[in-house]
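The exercises below go from the whole chain down to single residues. Work through each one with the structure in view before reading its solution.

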Amino acid sequence: MNFKDLFGNALLDYHNGNYSEDIITSTSISDDNVLPLPYLFRGFKDMPTLEQKALKLAKGYVLDVGCGAGNHSLYLQQEGLKVKAIDISKGAIKVATQRGVLDAEVKNIIDEIGTFDTILLLMNGTGIFQELAQVSKYLTHLKRLLKPKGQILIDSSDIKYMYEDDDGGFWQDINASYYGEIDYFLSYKGEKERPMKWLYLDFNTLLTACTSVGLNCELIFEGEHFDYLARLS
């Protein structure tokens, strides 16, 4: 991956006491948004209900995909679970390790070969699929990583609402690709990260994709803002 790892740099700065500014994110369909660094170090009580529910459902040997600073892994370790945390950000893995995550590795989920009882993909877990055309490939791979009776806990949002006009109609270009495919931009301390493809999946599209690769998909929780948690098995 040829990226600057500005996200990792920001986590390292905060962890090492050099907190002076936050990350700025934007997407191809939304303006600049501040991502406060303290939020990336939140404990269980400060997590959204959806994340708390997912962590409570985790069991057995857990793979925490896109672990960031390791918040979810640390909580699960405290609960006595064995966890492997992976992230493509070197900085994130360094921070997660320094914070006490026992098994953390710089790795893309596509390169993972272990088997797990629970695979966690949180904070818009479908984002890593990047585009609709790749969903089946990723789901097939994730399915291979499941132990018998294993589960995948994944969240996303139906972002159709972002295309609504004042009359309640939708302005989406009918020739465009699936509306949940967006470009994601991140900058930190004036530096811009390489743009990234990011995917939001509505539940029905996820359900259809799961069915096509032989995974069960159940809706576990719906949040207040078109977000949801699903369990695949």
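**Exercise 1.** What share of the residues of the protein count as buried, and what share of its contacts join positions far along the sequence?

Solution. Step one: of the 233 residues in this predicted model, 46% count as buried. Step two: take the contacts with a separation of 6 or more; residues 24 or more positions apart account for 62% of them.

**Exercise 2.** How many helices and strands does the protein have, and why can it be called as compact as a globular protein of its length?

Solution. Step one: the protein has six helices and 12 strands. Step two: its radius of gyration is 17 Å, and the globule rule gives 17 Å for 233 residues. Step three: the two values are close, so the protein is as compact as a globular protein of that length. Step four: along the principal axes, the C-alpha atoms fill a box of roughly 50 × 45 × 35 Å. Step five: the accessible surface comes to about 11,700 Å², and carbon and sulfur atoms hold 50% of that.

**Exercise 3.** Where is Gln130 found, and which residues is it in contact with beyond its neighbours within four places in sequence?

Solution. Step one: Gln130 lies in the loop that runs between strand 6 (116-121) and helix 5 (135-144). Step two: its relative accessible area is 29%, so Gln130 is partly exposed, falling between the cut-offs of 20% and 50%. Step three: with neighbours within four places in sequence left aside, Gln130 is in contact with Tyr138, Lys197, Trp198 and Leu199. Step four: one of these contacts is polar, with the side chains of Gln130 and Tyr138 meeting at 3.4 Å. Step five: compare Ile119, which is 11 residues from Gln130 in sequence and 18 Å from it in space, C-alpha to C-alpha.

**Exercise 4.** Why does Cys210 form no bond with the closest cysteine sulfur?

Solution. Step one: the cysteine sulfur closest to that of Cys210 is in Cys217, 4.1 Å away. Step two: a disulfide needs the two sulfur atoms within 2.5 Å, so 4.1 Å is too far for a bond. Step three: turn to Cys217, whose nearest cysteine sulfur is that of Cys210; Cys217 is in no disulfide. Step four: the count of disulfides comes to zero.

**Exercise 5.** Are Cys210 and Cys217 buried or exposed?

Solution. Step one: the cut-off for buried is under 20% relative accessible area. Step two: Cys210 has a value of 0%, so Cys210 is buried. Step three: Cys217 has a value of 14%, so Cys217 is buried as well.

Conventions
Residues numbered from 1 in each chain as written. Predicted model: local features only at pLDDT ≥ 70, side-chain atom pairs only at ≥ 80, totals over all residues. Heavy atoms only, no water. Helix = DSSP H or I, 4+ residues; strand = E, 2+ residues; numbered from the N terminus. Buried < 20%, exposed > 50% of the residue type's maximum accessible area, 1.4 Å probe, protein only. Contact = heavy atoms within 4.5 Å. Polar contact = N/O pair within 3.5 Å; in protein donor to acceptor, adjacent residues only side chain to side chain. Rg over C-alpha atoms; globule rule 2.2 N^0.38 Å. Areas by Shrake-Rupley, 256 points an atom, 1.4 Å probe, with all protein chains shown as cover.
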